[in-house]
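Grab a pencil and open the viewer. These exercises walk you through one protein chain, and each has a worked solution right below it.

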Amino acid sequence: MPAVTYVEFDGTQHVVDVAEGENVMRGALNNDLPGIIGECGGGLACATCHCYVDDVWANQAGTPTSKEESEMLESTSAPIKATSRLSCQIFMTTALDGLVVHLPETQY
Ligand code: FES
């Protein structure tokens, strides 16, 4: 199973396996990780799953994949950056094994 490293705002790292086809938000929730809320369950309606894709992974996963995601990123609580994503819209593949995402200071 591909692994994802979640880096909390304070630098604490969590490495968890996230099944292919599962999204990065769900991977965090399934493992009780802090820093991602996912209030709408992945419906592109809350922006509480905001994350920053690590620069190393920017080409593979650092760009929103839909107009809806881009628009919803305008309502995040923490400032957006070049690699801001909604983690519910990052779906795991074997090519993303080792993905690193940084979590913002707040989701509200
Ligand atoms: S969980 Fe609500 S937009 Fe991602």
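## Exercise 1: Lay out the sheet

The model is a predicted one, and it contains an open sheet of five strands in the order β2-β1-β5-β3-β4, with mixed pairing. Your task: find the edge strands, then work out how the strands pair.

**Solution.**

Step 1. Look for strands that pair on one side only: these are the edge strands, β2 and β4.

Step 2. Check the twist. Ignoring direction, neighbouring strands of the sheet are turned by 35° against each other on average.

Step 3. Start at the β2 end. β1 (residues 3–7) and β2 (residues 13–17) are antiparallel partners, joined over five bridges. You can check the register with two pairs: Ala 3 has Asp 17 in β2 as its bridge partner, and Val 7 sits opposite Gln 13 in β2.

Step 4. Move to the next pair. β1 and β5 (residues 99–102) run parallel, and four bridges join them. Here Thr 5 has Val 100 as its bridge partner in β5.

Step 5. Finish at the β4 end. β3 and β4 run antiparallel with three bridges, and Tyr 52 stands opposite Ser 84 in β4.

## Exercise 2: Follow the chain

Write down the order of helices and strands along the sequence, then look at how β1 connects to β2.

**Solution.**

Step 1. Count first: you should get three helices and five strands.

Step 2. Now read along the sequence. The pattern is β-β-α-β-α-α-β-β.

Step 3. Zoom in on the start of that pattern. β1 and β2 make a hairpin, with five residues between them. In the turn you'll meet Gly 11, whose phi is positive, about 100°.

## Exercise 3: Two faces of one strand

Which side chains of β1 point to the buried face, and which point the other way?

**Solution.**

Step 1. Recall the general rule: in a regular strand, side chains alternate between the two faces of the sheet.

Step 2. Apply it to β1. Val 4 and Tyr 6 point to one face and are buried. Ala 3, Thr 5 and Val 7 point to the other face and are not buried.

## Exercise 4: Into the core

Which residues of the largest nonpolar core touch the most other members?

**Solution.**

Step 1. Keep a general idea in mind: in soluble globular proteins, nonpolar side chains tend to be buried together.

Step 2. The largest nonpolar core has 22 residues, and those touching the most other members are Val 4, Val 24, Met 25, Ile 36, Cys 51 and Val 101.

Step 3. Ask where the core comes from. β1, α1 (24–30), β3 (50–53) and β5 each supply at least two of its residues.

Step 4. Pick Met 25 and list what it touches, leaving out residues up to four places away in sequence. You get Ile 36, Gly 38, Gly 42, Cys 49, Ser 87 and Cys 88.

## Exercise 5: Buried, partly exposed or exposed?

Sort Ala 82, Phe 91, Leu 44 and Ala 47 by counting C-beta neighbours inside 10 Å. You'll need the cut-offs: 20 or more means buried, 12 or fewer means exposed, and anything in between is partly exposed.

**Solution.**

Step 1. Ala 82 is in the loop between α3 (67–72) and β4 (84–86). It has 10 neighbours, so Ala 82 counts as exposed.

Step 2. Phe 91 lies in the loop between β4 and β5. Its count is 15, so Phe 91 is partly exposed. Leaving out residues up to four places away in sequence, Phe 91 touches Gly 21 and Asn 23.

Step 3. Leu 44 is in the loop between α1 and β3. It is partly exposed because 15 other C-beta atoms lie within 10 Å. Its phi is near 60°, a positive value in a residue other than glycine.

Step 4. Ala 47 also lies in the loop between α1 and β3. With 24 neighbours, Ala 47 counts as buried. Its phi is positive too, near 65°.

## Exercise 6: The whole chain

How does the radius of gyration of the chain compare with that of a compact globule?

**Solution.**

Step 1. For 108 residues, a compact globule would have a radius of gyration near 13 Å.

Step 2. The chain has 12 Å, so the two agree.

Step 3. Add the outline: along its principal axes, the C-alpha trace spans about 30 × 25 × 25 Å.

Step 4. Finally, check burial: buried residues make up 31% of the 108 residues in the chain.

Notes. Residues are numbered from 1 along each chain as its sequence is written. This is a predicted model: local features need pLDDT of at least 70, side-chain atom pairs count only at pLDDT 80 or more; totals for chains, interfaces and linings use all residues. Two strands pair if DSSP finds at least two bridges between them. A nonpolar core is a set of buried Ala, Val, Leu, Ile, Met, Phe, Trp, Tyr and Cys residues joined through C-beta atoms within 7 Å. Two residues are in contact if their C-beta atoms, placed from the backbone, lie within 7 Å. Axes are lines fitted to C-alpha atoms, for helices over the stretch in contact, and angles run from 0 to 180 degrees between N-to-C directions. The radius of gyration is taken over C-alpha atoms; the globule rule is 2.2 Å times the number of residues to the power 0.38.
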